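Here's a quick briefing to read with the model open next to you. Have the sequence handy too, since a few positions come up by number.

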Amino acid sequence: MATLVILVSQTFGAVESVKAASDLISPVSGTVVEINEALEDTPELVNQDAFENWIIKVELSDKAELDNLMDAEAYTKFCENQ
């Protein structure tokens, strides 16, 4: 795999459904170290277990960016209010 560097807020792909397509936006900056190629043939795996079926793995270039992310509890509350 060629070296792929991604920046925070950069689009790195898209997901499609019957109704719409949505861009995938990186929450962090860094070097992509692995791509989950199983999703190319069976993208529905993300819907079955999004934590187990990751899309890309990134080696962070700035760990401080993690401070801007929600933890699972904050994300659950955010979704409940949407």
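What follows is a short tour of a sheet and two loop residues.

Keep in mind that this is a predicted model. The main feature here is an open sheet of 3 strands, ordered β1-β4-β5 and paired antiparallel. The two loop residues are S26, which is buried, and E44, which is partly exposed.

**The sheet**
- At the edges sit β1 (4-6) and β5 (56-60), each pairing on one side only.
- On average, neighbouring strands of this sheet are turned by 45° against each other, direction ignored.
- Strands of a sheet pair through backbone hydrogen bonds, and the pairing can be parallel or antiparallel.
- Between β1 and β4, which run antiparallel, there are 3 bridges.
- If you want a spot to check, look at V5, whose bridge partner in β4 is T31.

**S26**
- You'll find S26 in the loop that links β3 (21-25) to β4 (30-35).
- S26 has a relative accessible area of 4%, so it counts as buried, the cut-off being under 20%.
- Setting aside neighbours within four places in sequence, S26 is in contact with I6, L7, V8, S9, Q10 and F12.

**E44**
- E44 belongs to the loop between α1 (38-41) and α2 (45-48).
- With a relative accessible area of 40%, E44 is partly exposed, because that value falls between the 20% and 50% cut-offs.
- E44 and S17 are 27 residues apart along the chain, and their C-alpha atoms are separated by 9.8 Å.

How values were computed: Residues numbered from 1 in each chain as written. Predicted model: local features only at pLDDT ≥ 70, side-chain atom pairs only at ≥ 80, totals over all residues. Heavy atoms only, no water. Helix = DSSP H or I, 4+ residues; strand = E, 2+ residues; numbered from the N terminus. Buried < 20%, exposed > 50% of the residue type's maximum accessible area, 1.4 Å probe, protein only. Contact = heavy atoms within 4.5 Å. Pairing = 2+ DSSP bridges. Axes fitted to C-alpha atoms, helices over the stretch in contact; angles between N-to-C directions.
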